[in-house]
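User: I'm new to this one and would like to walk through it with you. Could we start with the ligand and then move on to the helices and the backbone?
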Amino acid sequence: MALGSVIIGSGMALPAQVVTNDELGQIVDTTDEWIVPRTGIHTRHIAEHETATDLGAAAALRALGVQEGGWLREGAIDPATIDMVICPTLTPEAHFPSEAALIRERIGAVNAVCFDMSCACSGCVYGTSTADMLLAASAADRASAEAAGRTPRRNVLRRILVVATERLSRLVDWTDRSTCILFGDGAGAVVMEWREDEEGMLASYMENTDDTDHVLWCDSAFCARATPFSPAREDCDPYMRMAGQAVFKFATSAMVRSIETALERAGVTAADIALFAPHQANERIIRYAAKKMGQPVERFQMSIGHTGNVSGASALIALNEALTEGKLQRGDLACMAGFGGGLTAGACVFRI
Ligand code: UT7
């Protein structure tokens, strides 16, 4: 019997302001000629007034069909039927409440429990894979409760909203040309529902590697604060820092390893996948992965050209663009992949 977590809605949101490479060239020593061939990025959206909550709520409302512009598998989804909101983010508006709780309030997900995830650019995969595992665990709990004629022992989860939202422009050091050209702001969301008669997510894979050399790092802003009883941490650096070439090397191997492991777990091959929605860190990383797996690059969704790197939201944005552009049909297999700070990486395979 097929059963699994099915994506029943998808949405995204980008801030209104678009920043070109030439505009960045007026802030730091860079050019469009340097940025495009090395990254594939032409423009990115940088929030002027939109908060991470504004962007996350807009993406979520589109995924629910409350606002137009998203992708719905069957029909609009009542926010009150969402049992949980998971928000992968590096840039929450507050330490608490969680970003997920702030989004819950905005969208009227009045029955949802909420929490954030800190897993950097793997948020798309960690978020959806965790949602899938929790939905499966809840289904098993309900089944055993029903068999024993008792009530479930855990929270009942049938629908989970995964909404990744980022205002990375606030983590970036705008004097550092090696990072500030890469990132953008935005949000992506999916609603996942447990079904007893459909496959949904076939398999997932997540991994962590120690970042002993600090190749991808950002201290939190509060480590620079002294208290009456303790000094500020002198080496605190609350800006994003990246050793580009080391991360590039990690990214290429981690992405291919993650996709191949998830495919193997799902019992399918790369040729069976109608569309890959990878993390959008660098067009060259995506092209490398396609070549290494012997797959045509046309089957890898590219949104980086107009979004830049939106961390955990970027693969959800890529997936949303593929869905709204009609590139994925009911029954198609798709694969999302992510990698980033932590160091985290992972991939998941699911049937649309
Ligand atoms: O989502 C998180 C994961 N992040 C990633 O996956 C990013 C992975 N890394 C990359 O995508 C690439 O390493 C970058 C796009 C960040 C950099 O490309 P690169 O080809 O590795 O450049 P590089 O760091 O080796 O720098 C080459 C040169 C240096 O100059 P010198 O020392 O050779 O004179 C840099 O100072 O390019 C210089 N440079 C720039 N020049 C113009 C670095 N950034 C810029 C810039 N404009 N924006």
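User: How many Å lie between an oxygen atom of the ligand and an N or O atom in the side chain of Q245?
Analyst: Bearing in mind that this is a predicted model, an oxygen atom of the ligand lies 2.5 Å from an N or O atom in the side chain of Q245.
User: And which residues come nearest to the ligand?
Analyst: There are 22 residues around the ligand, and the ones that come nearest are T30, Q245, H279, N282 and N309. For H279, an N or O atom of the side chain is 2.8 Å from an oxygen atom of the ligand, and for R177 the corresponding distance, again from a side-chain N or O atom to a ligand oxygen, is 2.9 Å.
User: OK, helices next. At what angle do α7 and α8 pack?
Analyst: Helix α7, which covers residues 244-266, packs against helix α8, residues 283-292, at an angle of about 40°, and their axes are 9 Å apart. The two helices are therefore oblique to each other, and their crossing is right-handed.
User: Which residues meet there?
Analyst: From α7 the residues are F248, A251, T252, M255 and V256, and they meet R284, I285, I286, Y288, A289 and K292 of α8. By type, the residues of this contact between α7 and α8 divide into eight nonpolar, one polar and two charged.
User: What about α3 and α4, where do their axes cross in degrees?
Analyst: The axes of α3 (residues 52-64) and α4 (residues 99-107) cross at roughly 55° and come within 9 Å. That angle makes α3 oblique to α4, and α3 passes α4 in a right-handed crossing. On the α3 side the contact is made by A52, T53, D54, G56, A57, A60, L61 and L64, which meet E99, L102, I103, R106 and I107 in α4. The residues of this contact of α3 with α4 divide into eight nonpolar, two polar and three charged.
User: Switching to the backbone, which peptide bonds are cis?
Analyst: One cis bond runs from F96 to P97, with omega near 0°, and P97 sits in the loop between β5 (84-88) and α4. Another cis peptide bond joins G342 and L343, where omega is about -10°, and L343 is found in the loop between β13 (333-340) and β14 (344-351).
User: And why would phi of a residue be worth a look too?
Analyst: Because most residues other than glycine have a negative phi. Phi of A120, a residue other than glycine, has a positive value near 50°, and A120 is found in the loop between β6 (113-117) and α5 (123-148).

Conventions. Residues numbered from 1 in each chain as written. Predicted model: local features only at pLDDT ≥ 70, side-chain atom pairs only at ≥ 80, totals over all residues. Heavy atoms only, no water. Axes fitted to C-alpha atoms, helices over the stretch in contact; angles between N-to-C directions. Helix = DSSP H or I, 4+ residues; strand = E, 2+ residues; numbered from the N terminus. Parallel < 35°, antiparallel > 145°, perpendicular 65-115°, else oblique. Left-handed = near helix turned anticlockwise from the far one by under 90°. Contact = heavy atoms within 4.5 Å. Nonpolar A, V, L, I, M, F, W, Y, C, P; charged D, E, K, R; others polar. Near = heavy atom within 4 Å. Polar contact = N/O pair within 3.5 Å; in protein donor to acceptor, adjacent residues only side chain to side chain.
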